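The following exercises concern a structure shown below. Each task is followed by a solution that proceeds step by step.

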Amino acid sequence: MTATIVAPATPQRRSKRASNNAVLAGAIILGLLALVAIFAPLLAPHDPETVVADQVLGAPSLEHPFGSDALGRDVLSRVMFGLRVSLLVSLAAVLVSTAIAVPLGLLAGYFGGLTDTAISRVLDMVLVLPALLLAITFIAILGPGSTVAALAIAVIYLPILARVMRSSTLVVTRNDYVLGARARGAGHLRVLIGHVAPNALGPVIVQASVLSAFALQLEAALSFLGLGTQPPTPSLGGMLSDGRDVLSQAPWVEIFPGLTIVVAVLSFTLLGEGLRRAFDPKGVAA
Amino acid sequence: MTSRLRFVIRRLLLTIPVLLVMSIIVFLIIRLVPGDPVRTMLGFRATAENVEQVRHELGLDRPIVTQYFDFLGGLLRGDLGTDIVSHASLADLLAQRLPVTFELTGLAMLIAVLVGVPLGVRAATGGRWIKRATEGFVVLGVSIPDFWLGIMLVLVFASTLVLLPPSGYVPFEVAPLDNLRYMALPVLTLAVGEAAYILRTTRSAVESVMTRPFVGFLRAKGVSESRIVFGHALRNAAPSIVTVIGIQVGVLLGGAIIIETLFALPGVGRLVVTAINQRNYPTVQVGVLAIAAIFILVSLVTDLVVGWLDPRVSDGAAT
């Protein structure tokens, strides 16, 4: 009966080519941003922390393409160095989190039972608080700074990434080749590292790249609140906080660091969504 | 006992351990501060007697288990302690601050739902251009950090057009119209990102219902398209939309911390940020506690509503 009913025009999934283009665009923009961040000391036209008295709130010009801020510092150079800090903090956070989440999720998913319950319940505790509140609580205890901000973001992401790893491990463990390996007499460790882990990692990588976008936003938010990267080190969030006071006289102090965050977040999102379509069609990471 | 009732009771009981975990996290905030938290709070010019006195007032000189039960007892009695800086009662302070946060997040969520749900339905069922336009809105809404959007809105509506005040606050009961004028930009700032999330969820939930065989059957029966969409598809998509709205309240509460600071709104979020910068730990604890408690309560209500909307959830939980 159901087979005879004509399926309604299903909302078409975006074509594979469009998704490849999105990944490519995301990867290229991200690559460029990463190059700028890495080579900031060579590329920046000025020193990001040098105060120039006669350049206070200078409008964008050939000398200062993004203008200068309330202390006469070059906004373009500060954006370059700020991007460096922001990318470093968010990538460090996601890497640390993934490094801890993968083994935890692997153990929980592979052994199940009590191991699973113990790991999952402890991780669930982290989800009791809203993400930003948890990060702020963490910083309230340890004091502000970029290292603490990275740690706080890593803690927030731990249960999310571990959960994804756990559910993809559950799927992979049921495969015949895993049973086969066990039957051939391979030990748990060998099966986990040699067979389960490599096949279960895809969704985690996808999720990690999506989370990098949010990590960047979180780092900027924390620095904006004065709880992340501390002045005089330039950070994109910190620049937004400085620029607020001079918003009507010198909007460029505010616009350029903000746009940089938007572009970076957008490229992480494109990359993540594209990777999701390519590696995780069943949507384990969703 | 009906399965529905059993579901409600089960869900209510599940909230107790969550509240206990939260109380332990909040309790530990001041105790995990490296070094001497009282010395950090009072600064290096405080005398040794002063430090000892505050330590005694906060009960930090008692055994840790006793401290925790004192803390829990205080919470249950509504005695939240006093602010170290202003010496005001923290319960009173919270009573002043909470309505501001409620108004901000409540209005933002209301607007986000009113915009996101209808647009999501249109995106799922409409033509190509509306799909493209809503897709663009979602990507931008999710990618633009809310605080930067807030600043840009100030630049346009407050600095350039001078239509709305850039920051500040007037209580609603003092001057309702002025209150709304002050609230307009912060609420809009929070609502844009939320609307994008709700649109995306509504779109994919409605899309997946529209592919189900019963929709084809309804069409064959001659049921009008709008009736299928609003009477059947949206009804079936409602549980997932409500679930996401519940989760997003947590995001919204986090966003409120930033937006309150940005627009100088005297809410709980700004209270926490100010308290962290002053190393005013008791106030940090109470602020975190309040936001977390709201979040837990909202998740509870969300789950109950989803159980009511989708009987399979409440029945499944009972079997």
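A residue is buried if 20 or more other C-beta atoms lie within 10 Å of its own, and exposed if 12 or fewer do. The model examined here is predicted.

**Exercise 1. Determine whether α11(B) is enclosed or open, and identify what covers it.**

Solution.
Step 1. Apply the burial criterion to the helix: B:V268, B:G269, B:R270, B:L271, B:V272, B:V273, B:A275 and B:I276 are buried.
Step 2. Relate this to the helix length. Because 8 of the 10 residues of α11(B) are buried, the helix is largely enclosed by the rest of the structure.
Step 3. Identify the cover. The elements over these buried residues include α5 (131-142) of chain A, and from chain B α5 (90-125), α10 and α12.
Step 4. Inspect the end of the helix. α11(B) is followed by B:R279, which has a positive phi, near 55°.

**Exercise 2. Establish how the span of helix α10 of chain B compares with that of a straight helix, and locate its kink.**

Solution.
Step 1. Take the length: α10 of chain B covers residues 225-262, which is 38 residues.
Step 2. Compare the spans. At 1.5 Å a residue a straight helix would reach 56 Å, but the end C-alpha atoms of α10 are only 45 Å apart.
Step 3. Look for a bend. α10(B) has a kink of about 45° at B:A238, shortly before the proline B:P239.
Step 4. Continue past the helix, where B:A264 follows with a positive phi, near 55°.
Step 5. Set this beside the annotation. An unreviewed UniProt entry lists residues 12-33, 104-125, 137-162, 241-265 and 285-309 of chain B as "transmembrane region". For residues 241-265, the end C-alpha atoms lie 30 Å apart and the span is 88% helix. For residues 137-162, the corresponding values are 26 Å and 85% helix.

**Exercise 3. Describe the side of chain B that touches chain A.**

Solution.
Step 1. Count the participants: 45 residues of chain B are in contact with 39 residues of chain A.
Step 2. Assign them to elements. Helices that each supply at least two residues of this side of chain B include α1 (3-31), α8 (176-210), α10 and α12 (281-309).
Step 3. Find the leading contributor, which is α10(B) with 7 residues.
Step 4. Classify the residues on the chain B side: 35 are nonpolar, 8 polar and 2 charged.

**Exercise 4. Characterise chain A and the surroundings of A:A250 and A:I153.**

Solution.
Step 1. Begin with the fold. Chain A has 10 helices and 0 strands, and its C-alpha trace spans about 75 × 50 × 35 Å along the principal axes.
Step 2. Consider burial and contacts. Of the 286 residues of chain A, 50% count as buried. Among contacts between residues at least 6 apart in sequence, 71% join residues at least 24 apart.
Step 3. Place A:A250, found in the loop between α9 (236-243) and α10 (252-279) of chain A. A:A250 counts as buried because it has 21 C-beta neighbours inside 10 Å.
Step 4. List its partners. Neighbours within four places in sequence aside, A:A250 is in contact with A:L57 and A:G67.
Step 5. Turn to the largest nonpolar core, which has 167 residues; A:A135 and A:I153 have the most contacts inside it. Not counting residues up to four places away in sequence, A:I153 touches A:A93, A:A135, A:A215, A:L218 and A:E219.

Terms used
Residues are numbered from 1 along each chain as its sequence is written. Chains are lettered from A and ligands numbered from 1 in the order in which they are written. This is a predicted model: local features need pLDDT of at least 70, side-chain atom pairs count only at pLDDT 80 or more; totals for chains, interfaces and linings use all residues. Helices (H or I, at least four residues) and strands (E, at least two) are DSSP runs, numbered from the N terminus. Two residues are in contact if their C-beta atoms, placed from the backbone, lie within 7 Å. UniProt positions are given in the numbering used here, feature names are shortened, and annotations may be inferred rather than shown by experiment. The expected span of a helix is 1.5 Å times one less than its number of residues. The bend at a residue is the angle between axes fitted to the seven residues ending there and the seven starting there. Ala, Val, Leu, Ile, Met, Phe, Trp, Tyr, Cys and Pro count as nonpolar, Asp, Glu, Lys and Arg as charged, and the others, Gly among them, as polar. A nonpolar core is a set of buried Ala, Val, Leu, Ile, Met, Phe, Trp, Tyr and Cys residues joined through C-beta atoms within 7 Å.
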